[in-house]
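The report below concerns helix packing within and between chains. Please keep the sequence and the coordinates at hand while reading.

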Amino acid sequence: MSNQEEERLLNGGDSQINSDLQDNAIKEEDSDSEAVETINYDPTLDSDNDESEEGITTRYSENIISLLKPVSIAMIIVIWAVHTLSPILNSSGVPVSSAVMVYTESESDSGWLKLGGALLNALIVVAMVCVITVILVLLFVYNCYKIIYGWLITSSAVLLFTMGWLWLEFTLRAYSLTIDYFSYFFLLYNFTILGVVSIFWQAPTIFTQAYLIVVSCMTGWWLTRLPEWTTWAILAAVAIYDVIAVLTPKGPLKLLVETAEKRKVPIPGLIYESKKFKLGLGDFVFYSVLVGRASMFDSVTMFACFVCILTGLCLTLFCLGIFKKALPALPISIALGLIFYFVTRFGVTPYITNNSIQQINV
Amino acid sequence: YLALIGNALIVFGPIVSIFNFYLCNIPQLVIVFVAAAFFYLLSTCLTSAFYFIPGIVNLPYLLVSIGVSIQEIFRFALFLAYLFTERGYERNLKVKLLYGKFAWLHASVAAGLGFATCHALLLNGNVLSQSYGPGTLYLPNCPTITYFTHHSITTLLFVLLNISWMIIGFQGYIKKSVLRIISLLVLHFAASLITVLNNKKDSCLYVLPTLASLVVIGAIISTVELIIICNKDE
């Protein structure tokens with residue numbers, strides 16, 4: 001075992017989908033992929049003889065909380081965006097179509113058609129994520145760092161600028177605020193540049209973390225605009241892909257992580273660092289998508305999914321400490337979130353509604 | 001806006017205060033809090049399954065009794081999960097989850113707050129969101145305060161009750177004290193069953209005061225537990 005920091009990795013496969021505004025149509029382009037979610041844990045603190053037993057438990061718990069906080073913040077921001085910004089976008093009459101979806105949901109479609117179409121869309125998205133991840137792995141293995149970071153920087157800048165534009169405009173409209181064009185674009189330009197600098201170069205940690213959360217929120221909010229059945233299918237498919245990519249011997253994410261470990265270099269990608277843990281942005285994105293989509297139905301489903309995701313994340317981090325190997329971050333949380341979304345939607349909500357009407361508390 | 005903010009503060013003010021000024025100082029308690037919220041969610045999901053039995057909606061006392069029973073089962077399950085985790089930590093890592101003679105008290109408060117928060121979010125979330133907007137709603141059973149405020153006050157009382165129930169429950173399970181467990185069940189059944197009377201005329205004249213009395217009783221019992229722990233030799 002090397003004396004250097006042992007990396008315990010929590011991996012997840014993700015795709016970050018950027019969107020470009022072209023004319024009146026919005027198309028989704030898959031331009032880059034998240035690398036991995038990594039959790040780094042410093043064992044030297046455990047082996048420190050001066051550290052009290054109480055300190056070890058407290059520190060590990062603090063590390064878990066340091067991930068629960070940003071995940072919670074990201075989910076809350078996406079919920080806000082879904083309820084504040086989405087109605088304005090929907091009312092603007094801008095159609096949503098996707099370059100990667102073969103099936104577009106329609107209200108008049110039967111359940112089976114929607115299910116089949118959603119599964120097909122999910123399969124395409126996962127295939128796309130897989131291809132992009134493989135490309136990323138190949139670039140990393142062959143030391144093409146300039147291409148990797150050029151790709152990441154360009155896509156992040158485009159995302160921050162275009163989505164920042166949308167968010168700023170819709171926020172101003174939502175709260176009936178006004179701003180002149182010069183200030184608008186001055187803010188937007190500086191927001192984008194600061195974001196790129198914070199994420200890829202140097203900045204106070206709080207700025208880097210804030211921008212990473214903002215990037216994940218923007219992506220997550222955009223993905224909540226996908227049709228409902230497709231969203232659920234994609235979440236399930238990506239969670240399954242995550243398990244395969246991380247745990248199978250030739251999984252692309254496993255290869256990426258092992259290569260980074262061998263070379264003792266950081267894993268390329270957008271990774272949120274907090275104390276001793278690192279978590280890839282893909283986790284933030286898909287957690288936010290799940291909660292955002294749940295919030296579109298009801299507050300009961302929203303809170304249920306919120307609790308499930310935090311519980312799943314805690315369980316995953318506990319498993320990380322037990323198994324001491326790379327684990328995917330998405331499956332437990334997404335599985336709990338999906339199960340409890342449907343259980344609360346069809347079971348708990350009618351029960352709670354009846355209790356609220358009758359003013360019964362249990 | 002004001003009605004929404006006011007009602008939200010009634011329900012979530014104590015929760016946020018306890019969380020911010022107490023739980024946040026001990027990180028392990030935040031994890032216990034999240035786990036407890038999940039266990040409450042599980043209990044609600046299971047209870048809601050009984051809701052779909054034909055005819056049971058017309059038997060609110062039965063449905064409430066089932067709900068209370070399931071919730072108590074999950075309270076015990078939460079206690080077992082915490083105990084299992086604590087023993088696992090001690091056996092494998094040779095460390096404890098929480099230290100000091102108030103460890104179990106801290107854990108029970110955190111767990112109670114988790115139950116309470118999930119209860120408040122699920123039962124009051126929808127109602128609160130409906131309180132936003134023009135107009136309000138008054139019900140004949142309590143014509144002096146709005147339905148939303150009445151609901152918020154009831155939820156607040158249940159938040160406080162959940163915390164004291166968890167303290168009593170955990171102490172009862174640790175010490176295998178039948179008296180404590182029975183008092184917990186009596187308090188819980190009494191509080192929940194009294195709310196069935198909420199749709200009767202002028203019910204808030206006796207339902208809310210009864211609930212408040214149960215909160216006081218629960219607080220007294222919890223204080224007694226605290227005194228017992230304080231006086232216990234380490």
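In this predicted model, helix 10 of chain A touches helix 2 of chain B through Ala304(A), Val307(A), Cys308(A), Leu310(A), Thr311(A), Cys314(A) and Phe318(A), which meet Ile31(B), Val34(B), Ala37(B), Phe38(B) and Leu41(B) on the other side. By class, the residues of this contact comprise 11 nonpolar, 1 polar and no charged. Helix 10 of chain A spans residues 299-323, and its axis packs 9 Å from that of helix 2 of chain B at an angle of about 130°, which makes helix 10 of chain A oblique to helix 2 of chain B. The crossing of helix 10 of chain A and helix 2 of chain B is left-handed.

Helix 2 of chain B (residues 27-51) also packs against helix 3 of chain B (residues 60-93), at an angle of about 150° and with the axes 9 Å apart; the two helices are therefore roughly antiparallel. Helix 2 of chain B passes helix 3 of chain B in a right-handed crossing. Among the residues that helix 2 of chain B brings to this contact are Val32(B), Phe39(B), Leu46(B) and Phe50(B), while those from helix 3 of chain B include Leu63(B), Ile70(B), Phe74(B) and Tyr82(B). The contact of helix 2 of chain B with helix 3 of chain B has 17 nonpolar, 4 polar and no charged residues.

An unreviewed UniProt entry lists several spans of chain B as "transmembrane region", including residues 145-165 and 177-194. The table describes these two spans in the model.

| Span of chain B | Helix | Strand | End C-alpha separation |
|---|---|---|---|
| Residues 145-165 | 90% | 0% | 28 Å |
| Residues 177-194 | 94% | 0% | 26 Å |

Conventions:
Residues are numbered from 1 along each chain as its sequence is written. Chains are lettered from A and ligands numbered from 1 in the order in which they are written. This is a predicted model: local features need pLDDT of at least 70, side-chain atom pairs count only at pLDDT 80 or more; totals for chains, interfaces and linings use all residues. Side-chain values use heavy atoms; hydrogens and water are left out. Axes are lines fitted to C-alpha atoms, for helices over the stretch in contact, and angles run from 0 to 180 degrees between N-to-C directions. Helices (H or I, at least four residues) and strands (E, at least two) are DSSP runs, numbered from the N terminus. Angles under 35 degrees count as roughly parallel, over 145 as roughly antiparallel, 65 to 115 as roughly perpendicular and the rest as oblique. A crossing is left-handed if the near helix is turned anticlockwise from the far one by less than a right angle, and right-handed if clockwise. Contact means heavy atoms within 4.5 Å. Ala, Val, Leu, Ile, Met, Phe, Trp, Tyr, Cys and Pro count as nonpolar, Asp, Glu, Lys and Arg as charged, and the others, Gly among them, as polar. UniProt positions are given in the numbering used here, feature names are shortened, and annotations may be inferred rather than shown by experiment.
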